[in-house]
Amino acid sequence: MKGAKITAVGSYVPQRRLTNADLEQMVDTNDEWIVQRTGIRERRISREDEYTSDLCAAAVRDLMNRYGKSVQDVDMILVATSTPDMPFPSVAAIVQNRLGIPQTAGVLDLSAACAGFVYGLHMAHALIASGMHHKVLVIGADTLSKITDYTDRSTCILFGDGAGAVLVESGEQDNFRGFNLGSDGSGGHHVYLSGLADQVNGVQLTATGKLVQNGREVFKWAVRTVPQGVQQVLAKAEASLAEVDWFIPHSANLRMIEPICERLDYPFGQALYSLEEFGNTSAASIPLALDLGIRQGKVHSGQQVLLYGFGAGLTHAGLLVRLSLDPQTGEPAPL
Ligand code: UT7
């Protein structure tokens with residue numbers, strides 16, 4: 001079995017900011033409610049003509065500039081997203097062409113909502129461990145603003161746009177220490193974007209063309225499921241929580257991260273999140289939080305991070321990985 005390592009990270013968010021004050025002008029809400037119930041202060045919103053593939057390409061360019069990496073020998077591109085530019089061609093195929101990655105690379109979009117980036121890392125690890133692939137780009141990216149109902153105050157205050165990318169390369173040592181994946185399809189109707197079918201699990205869906213969420217139900221499920229999942233990751237890795245330098249759960253809501261840390265008895269100060277400045281960016285939230293940690297000088301190569309994604313499906317995925325980032329040779333593009 002071959003080893004796999006994360007060698008480089010990059011990210012991108014659109015320039016336009018949507019603050020809580022802006023939302024006060026759009027729906028019946030206020031900054032105090034939003035901050036108290038979610039911890040979110042602002043989000044980034046893509047231009048009308050800016051799509052998920054644009055964010056992905058910019059995140060990979062940031063990774064290349066900072067770590068001096070070439071993508072000429074990438075042999076697989078995995079893009080986790082719920083907001084592809086279109087159903088097909090895939091975002092991964094668009095990114096291959098945009099970045100001039102050789103046509104010998106496989107391209108695939110992955111649908112696991114807010115757990116998608118960790119699912120992507122899990123797949124990349126399996127492809128490398130099997131010896132079938134050697135250099136895999138894993139990108140988590142979403143433009144949720146395009147499917148957000150800006151008349152629904154219970155969802156429009158949450159979501160934003162962004163992208164994060166990592167390079168997973170083969171190596172002598174395996175730095176992917178343990179994982180846990182899971183799903184509960186019976187909760188599929190708690191968060192959805194309706195499509196060709198108008199029902200799931202026998203439940204009639206609202207076909208608004210926008211994201212619909214029963215936040216309370218997802219909240220309860222995640223706060224119950226994630227701590228158990230983290231314990232599973234640690235058991236598979238034969239590791240203890242004390243070895244986890246940084247815990248990076250999906251940035252859905254700060255009020256969920258607090259009880260999850262409490263249930264785990266993990267110090268809240270070692271949890272990283274991207275929601276204060278970017279809101280809930282679905283598949284992008286974990287790589288954005290990881291990269292914010294790197295940019296702020298908190299996260300270093302050699303440290304162990306435990307990532308845990310959860311969301312629509314319902315799906316969840318966790319991973320304990322030791323970072324083996326190559327030295328940075330360039331400056332990150334400003335966020
Ligand atoms: O990323 C995918 C996974 N998604 C999640 O993990 C989402 C998890 N859920 C959540 O983050 C929270 O459930 C929300 C932030 C979505 C909602 O917070 P909550 O504390 O669960 O509020 P609630 O929906 O129970 O609503 C409480 C009250 C209601 O008013 P009444 O009925 O008590 O009078 C809502 O109408 O708050 C009201 N409300 C608001 N008030 C001001 C809902 N949204 C707003 C708002 N501003 N934006």
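What follows is a chat about the ligand shell, the aromatic pairs and the unusual backbone spots in a predicted model.

Reader: Before we start, what are the ground rules here?
Author: This is a predicted model, so to speak with the usual filters: local features need pLDDT of at least 70, side-chain atom pairs count only at pLDDT 80 or more, and totals for chains, interfaces and linings use all residues. Residues are numbered from 1 along each chain as its sequence is written, and side-chain values use heavy atoms, with hydrogens and water left out.

Reader: Ok, the ligand. How many residues surround it?
Author: The ligand has 21 residues around it, and the closest are T29, R37, R216, N253 and N280. A residue counts as near if one of its heavy atoms lies within 4 Å of the molecule.

Reader: Which polar side-chain atom lies 2.9 Å from an oxygen atom of the ligand?
Author: That one belongs to H250. R37 also has a side-chain N or O atom 2.8 Å from a ligand oxygen, and a polar side-chain atom of W33 sits 3.4 Å from a ligand nitrogen. A polar contact here is a pair of N or O atoms within 3.5 Å.

Reader: And how much of the ligand does the protein bury?
Author: The protein buries 73% of the 960 Å² that the ligand exposes when taken alone. Those areas come from the Shrake-Rupley method with a 1.4 Å probe.

Reader: Which elements give two or more residues to the shell?
Author: They are α2 (31-38), α6 (153-156) and α7 (215-237). The largest share, four residues, comes from α7. Elements are DSSP runs, with helices (H or I) of at least four residues and strands (E) of at least two, numbered from the N terminus.

Reader: Where does the ligand lie relative to the domains?
Author: Between them, because domain 1 (3-176) and domain 2 (177-322) both give residues to the shell around the ligand. The bounds come from an automatic or database domain assignment.

Reader: Switching topic: how many aromatic pairs are there?
Author: The search of the whole structure finds two. In one, the ring centres of F247 and Y266 are 5.8 Å apart with planes at 75°, so that pair is edge-to-face. Rings of Phe, Tyr and Trp (its six-membered ring) pair if their centres lie within 6.5 Å; planes under 30 degrees apart are stacked, over 60 edge-to-face, and the rest tilted.

Reader: Where do those two sit in the chain?
Author: F247 is in strand β13 (residues 246-249) and Y266 is in the loop between α8 (254-264) and α9 (275-278), so to place them by number, they are 19 residues apart and the pair links distant parts of the chain.

Reader: Buried or exposed, that F247?
Author: F247 is buried, at 2% relative accessible area, and Y266 counts as buried too, at 6%. Buried means under 20%, exposed over 50%, and partly exposed in between (1.4 Å probe, protein chains only).

Reader: What about F268 and Y273?
Author: F268 and Y273 form a stacked pair, 6.1 Å centre to centre with 25° between the planes. F268 is partly exposed, at 32%.

Reader: Now the backbone. Which peptide bond from F88 is cis?
Author: The one to P89, with omega near 5°; P89 is in the loop between β4 (76-80) and α4 (91-98). Another cis bond joins G313 and L314, with omega about -5°.

Reader: What's odd about E238?
Author: E238 has a positive phi of about 50° although it is not a glycine. It lies in the loop between α7 and β13 and counts as exposed, at 72%.

Note on methods: A polar contact is a pair of N or O atoms within 3.5 Å; within protein, one must be able to donate a hydrogen and the other to accept it, and residues adjacent in sequence count only if both atoms are side-chain atoms.
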